[in-house]
Every structure is written in structure tokens, then in C-alpha cells.
Amino acid sequence: MNEGKALLLKQVRQYHQDASPPTEFIPGVTPILPSGAVLDEEDRAALVGAALDMRIASGVHSLKFERTFARTLGRRKAHLTNSGSSANLLALSALMAPELEDRRLVPGDEVITVAAGFPTTVNPIIQNGLIPVFVDVELGTYNTTYERVEAAIGPRTRAIMIAHALGNPFPVAEIAQLAEDRDLFLIEDNCDALGSLYQGRQTGTFGDFATLSFYPAHHITMGEGGCVLSDNLVLARVVESLRDWGRDCWCEPGENNKCRKRFEYQMGSLPYGYDHKYMFSHVGYNLKSTDLQAALGLTQLSKLSEFGVARRRNWLRLRDGLAGIPGLLLPEAAPDSDPSWFGFAITVLPEAPFGRRELIDFLESRQIGTRLLFAGNLTRHPAYQDRKFRVVGDLGNSDIVTERTFWVGVYPGLTEEMIDYVVASIRQFTLSHR
């Protein structure tokens, strides 16, 4: 690093300290957000440093993040994308590639997923001409079960695509084994669960693909960004091609003739020697991230462990503080799991003398931010009313989630004082409605 840049980054760190003084928590005035990014002076310096180097496209920082992140999760390949939603689209689309030969998915094939979740776990199924098969979830864990997934397998089922709910792992080891036994693909949507453990193993390491999001609400952030991970080199290569316009060449932008055969290929009906950088083997997209994002991601990744400790601590403090309150169903960790929690889910029971809306309104009036459990039952939304899908079993719990469930935050930016105020507020509200 040259002397001028070092001086500038020193000033950037000082600026961060000056611009981010400690603030006093004032109950009922200071917002308690349900989620958010936790950014320090090293994050700011990383962004500015990449900008000073004019790292405005995907390059060295992106490659370094991909390699570091793959090692962190113990996967062979990681490919950065511009969002977690794009990561899901790429993972599902890759299963339709001709490289998979007889295992390739074709329009009309079915993919098992859950009804209560975020739409971008489901949308890629529909966008690729496939049929979602919806199953219900359990209240408390808000995940589906092995039995529900097994019962949903039909003659056209080819894949399973499920997200870990609010960081709480679904029975991923068992479902991964089921997928292997039935020759199905498994896409593990790990966007809300980075750092969670199931049977002592990191989530995001069980599926043919795992996807991540680095939106500010998630466990680490790049502002925007996502990632697709896989141990299958064929699948990983397809993802890279689909992400990068569908081109066949694997050279990074700005690289020339890395393979030393740039003008010695022949594909399709193109003339021999046509520039490999402009040969396209898939109908792809441009879903790349930038080095600015990756530089921030690298400093955030170094804090992943401490962020996970804070999320677990905040969740447990809420769980202990709210225990025993009548009318509320509190969340439970999945058996044999150690979640790195995304949020703290609460379901207002039917026998409660108040409704979800009343409780949410009370909390929001106290500057305590709340969120619903994403879309609730997706089949009830107008976007899916005219779409073809199949439902196995009833979706009664997904309807309860739609009508009675919400969550509050546990992200590392929340202090013990804030968590205690959330607990006290919920207790005050429920006591006043006895």
C-alpha cells in the first residue's frame, strides 16, 4: 500500500469513529430494528480502499472472497452473485443444463418446497417452467418435516428446494439422504442461516447447491450480494456460465487466452477459431457482483463468528425473558441443531385475548420493529393465483403463520438493554389484556 493511500485510510477510520459516537438507548424513542447491518471502521476502510483502487467491477476481491468463503463452509466452489435471489435463480436454473444429461430437469417437472417462506425460494421454480409442490411447516420451528417431504414425492418430482426458517435448520441431513436415495437434487437455501449448525455440521454444506444472501438484514453484508456454493464441479461451472451471460469461456473479465486455446475452439455451427470469449453455451444472465461489494464482504466475514455469538445470545435472552407468557407460542430450536438465529418468531395463539395486529401496533408504537414471517402462505398471494402448483397435505400451519405469526430482531446491533425493553413491553401488553 502506498503512503498516500495508507494516510487516507487512516483518516477514513478516524472519520468513522467521529461519525459513529456511542449513543444512549432511550426506551420508546431509540428505534429497535428487527434487522440491520453492523459496520465498523474496517468495513468503511475496505470499501474506500477498493474505491481508491477503482475496483468497480468483479475482480481480485471477488475471487478472494469466493475462495475464502468456500473454505469457510468447506465447499469446493463458491460463485458470488448480485443477490441471494439471483443465487436461487442460478442454482435452480443450473439443474436444467444439458450437461446433466438424463438427470436434467425439464419443464413440467416438480420441485418440493414449503408454502410458508420467502418468494424467491419458489419463484425460480416457476420461472423455469417447473411445478412447485407445496408442503406445510411445523409451528415453533417453522420448518417442514422429513415425513411431509417424503409424502410429497411423486413420479415427476426431481428436486427439493427449501430454506432454513429464520436461521433454524430444517432436518437437512435426513432430507439430503432422502434426496440421494430417490435420485433428487437438493437446493439448500441458507440465506437466513449462515453459521447455523445441524448435527454439528454447518448448514449450507448438505445440498447439491447452497445459496446465501448478503443483503444488510443477513448475517454478513455486502449491501447487496449473494453466493452459490457446490461441491459438484460440473454444476458449479454451469452456475458460472449462467451468471456470466451464458458464455462458455471461463477467463475473468480483462483476462485473455488464459486457457491458451482462445482461437482454437469449435462449438455449434460457429467457424473453427471463433473467439472463445464470445461463445455462448447457455442462455444466461449478468448477475455478477462487484469488487466494492466483495471488499466489504471480506471484512464482514472475519466477524461472522462474533456475530453468531451475539445472535444466539440475544435470542436466548428473549426466550428466557418471555417464557411462560400465556397466549404466545415461542420458537424452539430444531432438534440436534444450534441455530445462528435470523429472528425471534412469536405466534399469537387462538385462545389469546388479543390478536397479532394489536400486539404489533403496541410494539411499533414503542419503536420496536416487527416483521411478519415473510409471505406466510404463498399460495394465498395474487402472484400465484393463476400459477400451476400442487399441494400435499393441508397448509393449516402455514395459514396460522399468515394470520398469527410475527418476529422481532436478534441481530448483533441490539444491546441487552434493548432486548430487555422488548421483553418488558411484551409482558406489559399481555398483562394488560388478561
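This passage walks through the overall build of a predicted model and then a few of its residues.

Taken as a whole, the protein chain has 434 residues, and its radius of gyration comes out at 23 Å. A compact globule with that many residues would have a value near 22 Å, so the chain agrees with what a compact globule would give. Along the principal axes, the C-alpha atoms fill a box of roughly 80 × 65 × 40 Å. As for what sits inside that box, the secondary structure adds up to 13 helices and 15 strands. Buried residues account for 55% of the 434 residues in the chain.

Helix α3 is a handy place to start looking at details. This helix covers residues 60–73, and R71 is part of it. R71 has a relative accessible area of 62%, and it counts as exposed because that is over the 50% cut-off. R71 also joins R67, R76, K77 and K258 in a positive patch on the surface. V60 belongs to helix α3 too. With a relative accessibility of 47%, V60 falls between the 20% and 50% cut-offs, so it is called partly exposed. To get a feel for distances across the model, V60 can be paired with P335: the two are 275 residues apart along the chain, and their C-alpha atoms are separated by 41 Å.

The surface has a nonpolar patch as well. It is formed by W245, L270, Y274, Y278 and F280, which together offer about 520 Å² of accessible area. One of these residues, F280, is found in the loop that runs between α8 (residues 233–243) and α9 (residues 291–301).

Next come two residues picked out by their backbone angles. Most residues other than glycine have a negative phi. M54 has a positive phi, near 60 degrees, and is not a glycine. Its place is in the loop between α2 (residues 41–52) and α3. The relative accessible area of M54 is 59%, which means that this residue is exposed.

L166, also not a glycine, has a positive phi of about 50 degrees. L166 sits in a loop too, this one between β4 (residues 157–163) and α7 (residues 172–181). Is L166 buried or exposed? Its relative accessibility is just 3%, and buried means under 20%, so L166 counts as buried. Put side by side, M54 is exposed, whereas L166 is buried, and each has a positive phi.

Notes:
Residues numbered from 1 in each chain as written. Predicted model: local features only at pLDDT ≥ 70, side-chain atom pairs only at ≥ 80, totals over all residues. Heavy atoms only, no water. Patch = residues over 30% accessible without salt bridge, like charges linked within 9 Å, V, L, I, M, F, W, Y side chains within 5 Å. Areas by Shrake-Rupley, 256 points an atom, 1.4 Å probe, with all protein chains shown as cover. Salt bridge = Lys/Arg side-chain N within 4 Å of Asp/Glu carboxyl O. Lys, Arg positive; Asp, Glu negative; His and termini not counted. Charge placed at Lys NZ, Arg CZ, Asp CG, Glu CD. Helix = DSSP H or I, 4+ residues; strand = E, 2+ residues; numbered from the N terminus. Buried < 20%, exposed > 50% of the residue type's maximum accessible area, 1.4 Å probe, protein only. Rg over C-alpha atoms; globule rule 2.2 N^0.38 Å.
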